[in-house]
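User: I'd like to learn how to read a model like this one, feature by feature. Could you walk me through it?

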Amino acid sequence: MKKESLHTLHGGDLDEISRIYGIDKGNILNFSGNVNPLGLPLSVKKAITEHPDAAVNYPDVSYMELRRAIGEYTGTDFEHIVVGNGSTELISLFIKLISPKKAVIVSPAYSEYLNEIKLSGGEAELFPLKDEEEFILNTDRLMSALTEDTDLLVICNPNNPTGTYIDCDHIRRLLERCAKTGTYVMLDETYVEFSDRERKVSAIPLVKEFGSLFVIRGTSKFFACPGLRLGYGVCSDENILNSINKMKDPWSVNIFAEIAGRTMFADKEYIEKTLELTGRERKRMYKALKDFKNIHVYESQSNFFLCKIKKEDITSTQIFEELIKDNILIRDASDFPYLGSRYLRFCILDEKSNTLLLNSLKKCLD
Ligand SMILES: Cc1ncc(COP(=O)(O)O)c(C=O)c1O
């Protein structure tokens, strides 16, 4: 792979970065993957290591216990839950199922939505979040962009890479509008658990009311387990759930991911610790970044920040190259639609690492 295209890799591609830059994978401070710095919950480590022989059996094909655990965690009926091999499998299956001729994707956003829509033979219109609106979704403007022939609306909430969010009341208005045009809504809530609880970001409470809503969640980021591959979808339309279950490999969630899932959702201590760390460091980093004269930071309800470099003579790629010399890996966000050569994204790690990043950034920009 060419070095020039490395800065914009998926956050998880540590192996590629390590090969090209000659840095030991274990020594990279990864601010690019958006993964919880607390690491895999101890309860999950214990549950997996205590049951190595689980591998001799197939997982329960209906994933009953896992779905019940997710139901309890999300306050939903377990019958409305479908599990998948990471949220990625569910994004792909839902798009294949709907096969939209015309989709609208609120952008800049995670690239897999557009890839999957193109693969399924459809077309997508990108609805721009605007820098001058701090990348906050303007619901009225979006509603006027939806037409009778829009079959699918895709929103990531909170959004990757902007960190911005819309609340449940705005989502309700969009769903009411989409019900009139027969538009399905796919909401990717991969980062929702990092948001402040009082913000009411998640649309899961709306699932029962709106059958055309498919909410997707993952565990990779919040529970720090991208290698396990566990995600889930919540939807109240039985036909959609049945079709997805028919389309997917029956055991696409392996037995260790199943054991992990049954454990992690009940680990209240880990969940509280994560919320405390993310909330505290999000406030501290935001305040510090606000004081940087050469950076604009956008307010985030996720575990990462998008920033814009205000200095004319330096690009995000150059910052990436400077930071990687200190083994600090960030995401050069220049390849996202509507962003450009001055946007960076980095996630919240532990306090010490975050301070290191802030100091290195300051050094590059002053
Ligand atoms: C918005 C968003 N959705 C989905 C994914 C994929 O996550 P998973 O590991 O659950 O497939 C990512 C990964 O970066 C993401 O940022």
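User: Let's begin with charge pairs. Which residue forms a salt bridge with K46?

Analyst: First, the general idea: side chains of opposite charge can pair when their charged atoms come close. Keep in mind that this is a predicted model. Here K46 pairs with E50, and their closest N and O atoms are 3.7 Å apart.

User: Why are K46 and E50 separated by about one helical turn?

Analyst: Because they sit 4 residues apart in helix α2 (residues 42–50), which puts about one helical turn between K46 and E50.

User: Is K46 buried or exposed?

Analyst: K46 is exposed, and E50 is too.

User: Where else can I see a pair with that sort of spacing?

Analyst: Try helix α7 (residues 168–181), where R172 and E176 are 4 residues apart, about one turn of the helix. They form a salt bridge, with 3.9 Å between the closest N and O atoms. For exposure, the cut-offs matter: under 20% is buried and over 50% is exposed. R172 has a relative accessible area of 28%, so it is partly exposed. E176, at 38% relative accessibility, also counts as partly exposed.

User: What about R282: which residue does it form a salt bridge with?

Analyst: That would be D196, with the closest N and O atoms 2.9 Å apart. This pair ties together distant parts of the chain: R282 belongs to helix α10 (residues 268–290), D196 to the loop between β6 and β7, and they are 86 residues apart. R282 counts as buried, because its relative accessibility is 6%. D196 comes out at 23%, so it counts as partly exposed.

User: How many salt bridges are found in the whole structure?

Analyst: The search turns up 23. Some join into a network, which links E276, R280, E281, R284 and E351.

User: Now the sheet. What is the order of its strands?

Analyst: As background, strands of a sheet pair through backbone hydrogen bonds, either parallel or antiparallel. In this model, an open sheet of 7 strands runs β2-β8-β7-β6-β5-β3-β4, and its pairing is mixed. At the edges are β2 (81–84) and β4 (123–128); each has a single partner strand, so one side of each lacks a neighbour in the sheet. From one strand to the next, the twist averages 20°.

User: In which sense do β3 and β4 pair?

Analyst: Parallel, over 6 bridges, with β3 covering residues 102–107. To see one bridge up close, find A103, whose partner in β4 is A124.

User: Which strands does helix α4 lie across?

Analyst: Helix α4 (residues 86–98) lies across β2, β5 (152–156), β6 (184–188), β7 (213–218) and β8 (231–234), and it runs at about 160° to β7. Then look for helix α8 (residues 238–247), which lies across β2, β6 and β7 and runs at about 25° to β2.

User: Last one: how do I check the geometry of a helix?

Analyst: Compare its expected span with its actual end-to-end distance. Helix α12 (residues 351–365) has 15 residues, so at 1.5 Å a residue it should span 21 Å, and its end C-alpha atoms are indeed 21 Å apart.

User: Which residues of α12 are buried?

Analyst: They are S353, N354, L357, L358, S360, L361, C364 and L365. These cover an arc of only 170° around the axis, so they fall on the same side of α12. Turned away from that buried side is a face with the exposed residues K352 and K363.

Notes: Residues numbered from 1 in each chain as written. Predicted model: local features only at pLDDT ≥ 70, side-chain atom pairs only at ≥ 80, totals over all residues. Heavy atoms only, no water. Pairing = 2+ DSSP bridges. Helix = DSSP H or I, 4+ residues; strand = E, 2+ residues; numbered from the N terminus. Axes fitted to C-alpha atoms, helices over the stretch in contact; angles between N-to-C directions. Contact = heavy atoms within 4.5 Å. Salt bridge = Lys/Arg side-chain N within 4 Å of Asp/Glu carboxyl O. Buried < 20%, exposed > 50% of the residue type's maximum accessible area, 1.4 Å probe, protein only. Expected span 1.5 Å × (residues − 1). Arc of directions from axis to C-beta.
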